[in-house]
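Q: Hey, can you walk me through this structure? I'd like to start with how its helices cross.

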Amino acid sequence: MEKKQFQAESKRLLDMMIHSIYTQKEIFLRELISNASDAIDKIYYLALTDPNLTFDKDSYYIQITADKENRTLTIRDTGIGMTQEEMENNLGVIAKSGSLAFKKENEAKDGHDIIGQFGVGFYSAFMAADVVTVVSKSLTGGQAYKWESAGADGYTIEPWEKDAVGTEITLKIKANTEDESYDEFLEEYRLKAIIKKYSDFIRYPIKMNVTSRRLKEGSEDEYEDYTEEQRVNSMVPIWRKNKNELTNEDYESFYNEKRYGFDKPLKHVHLHVDGAVVYQAILYIPENTPFDFYTKEYEKGLELYANGVLIMNKCGDLLPDHFSFVKGMVDSESLSLNISREMLQHDRQLKLIAKNIASKIKGALQSLLKDEREKYEQFYKSFGRQLKFGVYNDYGANKEALQDLLLFTSSQEKQLVTLDEYVSRMPEEQKYIYYATGETNERIEKLPQTEMVADKGYEILYFTDDIDEFAIKMLMSYKDKEFRSVSSGDLGIEEENKQEDEELAKANAELFDYMKSQLTGKVTNVRASKRLRSHPVCLTSQGEVSIEMEKILRAMPNSGGVSADKVLEININHEVFQSLKSAFENDKEKLNLYTALLYSQALLIEGLPLQDPVEFTNDICKIMV
Ligand SMILES: Nc1ncnc2c1ncn2[C@@H]1O[C@H](COP(=O)(O)OP(=O)(O)OP(=O)(O)O)[C@@H](O)[C@H]1O
């Protein structure tokens, strides 16, 4: 029999195919099953227009048979088959897709979209096989043929015996090498897993012999293995089903089956989008933070399917970073795939889908916030930090989209409130949205700096996350109300006593200047406080960097010694102030001691380290004796 050569370019292409197009060898099974499914779909298409053809769905299937002894794996289908000529054209010429030509002639309707388009998938069989044999009988009748090839050398075609219409592809699985095991492609559990992973939603049954255990008949404790042909794919993807047919449990079991997470999702969104881009998606908002979520190892992304065939496990481009917690899948017919189906060629459609998905996720979170507050707060505990990062990142590009999803603990309600809730109940004369930063709510509550704002009856938002203040600085304002730290220089409340204040400042200028000179390099100013009520002293900051930000930045490597411009504020209505005044007049050494002590106390209140704790305790002893 004459051996025919693959065309010259085809030889090179075949070599490339085997060695470099696909990153995972197991993909070959996905490709052959997709071809088999296409072959059945083609009969379905023809039946739509040919009155002599009927398409009885139950008679069409794909069968996988592994024979360990002979090291063969067979993929049989009851599809349209190939004539000798079609074998020559479609299997003899790489990168020629009979399926693409068919698709162009028979426009896709009702989701029966043909998968093949590049004309290369078939050759992936050579990644796992030394010899590939195709026996096929065409629906158009006539003789069956056998095509056989051992790779780049070429192929043979000869008449063969086959009764039923369809195609049978037999792979002679390669022998194991030092680096690679090919045996796995003959193992039932492995084949089942590969089919589940990539081809679970192929529309036709994929049948395989499956071995299970059962109690021996008549025995109570003896078991036996038995083998039975079973369908191993789910066939109908849940996302193609109508939402009304599905229950919450269905969505939850899909979430668990797919191992999106081990928790119970808080909410799901099922999308059937039919517009500029066509896709279906099921998205989940998980309940718990995955253990690696806030680490570099965490990989965001959604499963991506093209026509029910898995293309990518985690397509990161489908999710913005601020929604990286979302799990789920997208299936689309409109994707431009690259030849290996492992990547997307143009990302225009993908970008459209991603944009659409981001707005749907936002909508889902908004409705959770509005209608199921408790659940939203649970979500926020797990992933709120990510939303705040989202406000801060990319120079605030997403801040407007995310601001209404933020929550902070309120000084009045002692529970989480939205910015909208805060602003909507602000008294008319209140100019700013006030916030205070600290490690815990309890610590913030005790901060002397909150006294005046709290006395005014104004609500304060507690920032306990290190990202909070950075995010808010990026946001700058909400509904035209600026954010203001209770530690900032100007609280916007003091105006009423302006004249009085100025006089006081003038009267005590010398004392404060003296204290400032004692604290050179530590504070940029010492002044009479307008915010303190019962406490004698506190530290505030002026300028862009707050004390809390200084703490965070300093904890980072290469922070470059960023520090806040600190101001020591003294409560002139406190008895301590009288002591300061009299020391200033009579005993400068005492004033130096008091100044050092007050500064150290202010540092402690802020949770900042004392520069010299020994000196501090010595100073305390000095006033005790
Ligand atoms: N099981 C089969 N039954 C009938 N025809 C087949 C079968 N397998 C392959 N073919 C024919 O061989 C052609 C080449 O297959 P191949 O897998 O290389 O490419 P494809 O499926 O068209 O495209 P892709 O590379 O995108 O999968 C197909 O287009 C189809 O015409």
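A: Sure, and one term comes first: a crossing is right-handed if the near helix is turned clockwise from the far one by less than a right angle, and left-handed if anticlockwise. Also keep in mind that this is a predicted model.

Q: Okay, so which hand does the crossing of H2 and H5 have?

A: The crossing of H2 and H5 is right-handed. Their axes come within 9 Å and cross at roughly 65°. H5 covers residues 188–199, and H2 runs over 27–49.

Q: Which residues of H2 and H5 meet there?

A: From H2 you get Leu-29, Arg-30 and Ile-33, and they meet Ile-194, Ile-195, Tyr-198 and Ser-199 in H5. Sorted by class, that contact has five nonpolar residues, one polar and one charged.

Q: Leu-29 and Ile-33 are both on that list. Is there a general rule about spacing in a helix that I should know?

A: Here's the rule: an α-helix has 3.6 residues a turn, so residues three or four places apart point the same way.

Q: Nice. What about the ligand, how many residues surround it?

A: There are 24 residues around the ligand, and the closest are Ser-97, Gly-98, Gly-116, Gly-121 and Phe-122. Helix H2, helix H3 (84–91) and helix H4 (98–105) are the elements that give two or more residues to that shell.

Q: Which of them gives the largest share of the shell?

A: That's H2, with four residues. So H2 turns up twice in our chat: in the shell around the ligand and in the crossing with H5.

Q: And how do the shell residues divide by class?

A: The shell has ten nonpolar, twelve polar and two charged residues.

Q: Let's jump further along the chain. How do H17 and H18 cross?

A: The axes of H17 and H18 come within 7 Å and cross at roughly 145°, and the crossing is left-handed. H17 spans residues 575–586, while H18 spans 588–606.

Q: Which residues of H17 and H18 meet?

A: Ser-579, Leu-580, Ala-583 and Phe-584 on the H17 side meet Lys-590, Leu-591 and Tyr-594 on the H18 side. By class, this contact counts five nonpolar residues, one polar and one charged.

Q: And at what angle does H18 cross H19?

A: H18 and H19 (residues 613–624) cross at roughly 130°, with axes that come within 10 Å. That makes the two helices oblique to each other, and the crossing is left-handed.

Q: Who meets whom in that one?

A: Leu-593, Ala-596, Leu-597 and Ser-600 in H18 meet Phe-616, Asp-619, Lys-622 and Ile-623 in H19. The residues of this contact divide into five nonpolar, one polar and two charged.

Q: Back to H17 for a sec. Is Glu-575 buried or exposed?

A: Glu-575, which is found in H17, counts as exposed because it has 9 C-beta neighbours inside 10 Å. The cut-off for exposed is 12 or fewer. Glu-575 is also 97 residues from Tyr-478 along the chain, and their C-alpha atoms are separated by 40 Å.

Q: What about H13, how many of its residues are buried?

A: Six of the eight residues of H13 (468–475) are buried, so to speak mostly covered. The buried ones are Asp-468, Glu-469, Phe-470, Ala-471, Ile-472 and Leu-475. Right after H13 comes Met-476, and its phi is positive, near 65°.

Q: Positive phi, huh. Where is Asp-394, and what is its phi near?

A: Asp-394 has its place in helix H8 (residues 373–396). Its phi is near 50°, a positive value in a residue other than glycine. With 13 other C-beta atoms within 10 Å, Asp-394 is partly exposed.

Q: And Lys-414, where is that one?

A: Lys-414 sits in the loop between strand S14 (407–410) and strand S15 (416–418). Its phi is positive too, about 55°, although Lys-414 is not a glycine. Lys-414 is exposed, with 10 other C-beta atoms within 10 Å.

Q: Last one: where does Glu-184 lie?

A: Glu-184 lies in the loop between strand S6 (166–173) and H5. It is partly exposed, because 17 other C-beta atoms lie within 10 Å. From Glu-184 to Pro-205 you go 21 residues in sequence and 22 Å in space, C-alpha to C-alpha.

Note on methods. Residues numbered from 1 in each chain as written. Predicted model: local features only at pLDDT ≥ 70, side-chain atom pairs only at ≥ 80, totals over all residues. Axes fitted to C-alpha atoms, helices over the stretch in contact; angles between N-to-C directions. Parallel < 35°, antiparallel > 145°, perpendicular 65-115°, else oblique. Contact = placed C-beta atoms within 7 Å. Nonpolar A, V, L, I, M, F, W, Y, C, P; charged D, E, K, R; others polar. Near = placed C-beta within 6 Å. Buried ≥ 20, exposed ≤ 12 C-beta atoms within 10 Å, placed from the backbone.
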